[in-house]
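Here is a walk through one protein model, taken part by part. Keep the sequence and the coordinates open while reading.

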Amino acid sequence: MSANCIFCKIIKKEIPAEIIFEDENVLAFKDLNPQAPFHFLVIPKQHLETVNDLQTNSEIGGKVISTAAKIAEKFGFSESGYRTIFNCNKDGGQEVFHLHLHLLGGRKLNWPPG
Ligand code: 5GP
Ligand code: ZN
């Protein structure tokens, strides 16, 4: 846990979020500013800052990704399709430095991204 981290506060239920999945390792909740009909964030409960930290934490990375796939199935857009994104650091557009996987679905997504 990191004291000033907004996502750690969501994990500790100190600030509200629309939580859609939780187990001992990961938490998933709706993004506050959704960019698609479904826009969820899947985070590890362990405070890792960026996807760079998965070099030595591959197991938790796998759990985050498999959770996203299960959520896509549960919400009914696994067949129509979706996108998973880890933004990393400045050039990747990362704003919250608690590792999170964006899960977007429910509409046709453009490629390439901006
Ligand atoms: P990043 O740019 O770091 O990859 O994405 C951060 C995401 O977190 C953004 O899509 C933003 O809307 C979302 N976000 C930031 N603060 C909060 C919050 O307090 N609650 C929720 N649910 N989402 C947040
Ligand atoms: Zn954190």
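The paragraphs below go from the metal site to the strands and then to the charged side chains.

The model is a predicted one. A convenient place to begin is the zinc ion (ligand 2). Its protein donors are the SG atoms of Cys5 and Cys8 and the ND1 atoms of His47 and His98, at 2.0 to 2.3 Å from the ion. The angles among the four donor atoms run from 102 to 116°, and the site is tetrahedral. Written as a sequence pattern, the donor residues of the zinc ion (ligand 2) follow C-x2-C-x38-H-x50-H. Distant parts of the chain are linked by the pair Cys5 and His47: Cys5 belongs to the segment before H1, His47 to the loop between S3 and H2, and 42 residues separate them. Cys5 has a relative accessible area of 8%, which means that Cys5 is buried, as the limit for that class is under 20%.

The donor His98 deserves a second look. His98 sits in the loop between helix H3 (89-92) and S5. Is His98 buried or exposed? His98 counts as buried because its relative accessibility is 0%. A polar atom of the His98 side chain lies 2.8 Å from the backbone oxygen of Pro44. Apart from neighbours within four places in sequence, the residues in contact with His98 include the other zinc donors Cys5, Cys8 and His47. Among the further contacts of His98 are Phe7, Ile11, Ile43, Pro44 and Leu48.

Leu48, one of those contacts of His98, is placed in the loop between S3 and H2. With a relative accessible area of 7%, Leu48 is buried. Residues up to four places away in sequence aside, Leu48 touches Asp53, Leu54, Asn57, Ile60, Phe97, His98 and Leu99. The C-alpha atom of Leu48 is 9.0 Å from that of Met1, although the two residues are 47 residues apart along the chain.

The strands come next. S2 and S3 run antiparallel and are joined by five bridges. Within this pairing, Val26 stands opposite Pro44 in S3. Pro44 is also the residue whose backbone oxygen lies 2.8 Å from the His98 side chain. S3 pairs with strand S5 (residues 101-105) as well, in the antiparallel sense and over five bridges. Two of the partnerships can be picked out: Phe38 has Gly105 as its bridge partner in S5, and Val42 has Leu101. S5 in turn pairs with strand S4 (residues 82-85), again in the antiparallel sense, over four bridges. There, Arg83 stands opposite Leu104 in S5.

How enclosed are these strands? Six of the seven residues of S3 are buried, so S3 is largely enclosed by the rest of the structure. For S5 the count is five of five, so S5 too is largely enclosed. In a regular strand, side chains alternate between the two faces of the sheet. In S5, Leu101, Leu103 and Gly105 point one way, while His102 and Leu104 point the other way, and all of them are buried.

The charged side chains make up the last part. Side chains of opposite charge can pair when their charged atoms come close. How many salt bridges does the model have? The count comes to five.

One salt bridge joins the side chains of Glu22 and Lys13, with an N to O distance of 3.1 Å. Glu22 forms another with Lys45, where the closest N and O atoms are 2.7 Å apart. This second pair links distant parts of the chain, since Glu22 is in strand S1 and Lys45 is in the loop between strand S3 (38-44) and helix H2 (58-74), 23 residues apart. Lys13, Glu22 and Lys45 are thus linked in a network of salt bridges. Glu22 counts as partly exposed because its relative accessibility is 35%, and Lys13 counts as partly exposed at 48%.

A further salt bridge is formed by Glu18 and Lys30, whose closest N and O atoms are 3.2 Å apart. Here as well distant parts of the chain are linked: Glu18 is in the loop between helix H1 (6-11) and strand S1 (19-22), Lys30 is in strand S2 (residues 26-30), and the two are twelve residues apart. Glu18 is exposed because its relative accessible area is 51%, and the class begins over 50%. Lys30, at 38%, is partly exposed.

Definitions and conventions: Residues are numbered from 1 along each chain as its sequence is written. Chains are lettered from A and ligands numbered from 1 in the order in which they are written. This is a predicted model: local features need pLDDT of at least 70, side-chain atom pairs count only at pLDDT 80 or more; totals for chains, interfaces and linings use all residues. Side-chain values use heavy atoms; hydrogens and water are left out. A salt bridge is a side-chain nitrogen of Lys or Arg within 4 Å of a carboxyl oxygen of Asp or Glu. Buried means under 20% relative accessible area, exposed over 50%, partly exposed in between (1.4 Å probe, protein chains only). Two strands pair if DSSP finds at least two bridges between them. Donors are N, O and S atoms within 2.8 Å of the metal (3.2 Å for Na, K and Ca); water is not among the atoms, so sites may look incomplete. Four donors count as tetrahedral if all angles lie between 85 and 135 degrees; four count as square planar and six as octahedral if opposite donors are over 155 degrees apart and all others between 65 and 115; anything else is irregular. A polar contact is a pair of N or O atoms within 3.5 Å; within protein, one must be able to donate a hydrogen and the other to accept it, and residues adjacent in sequence count only if both atoms are side-chain atoms. Contact means heavy atoms within 4.5 Å.
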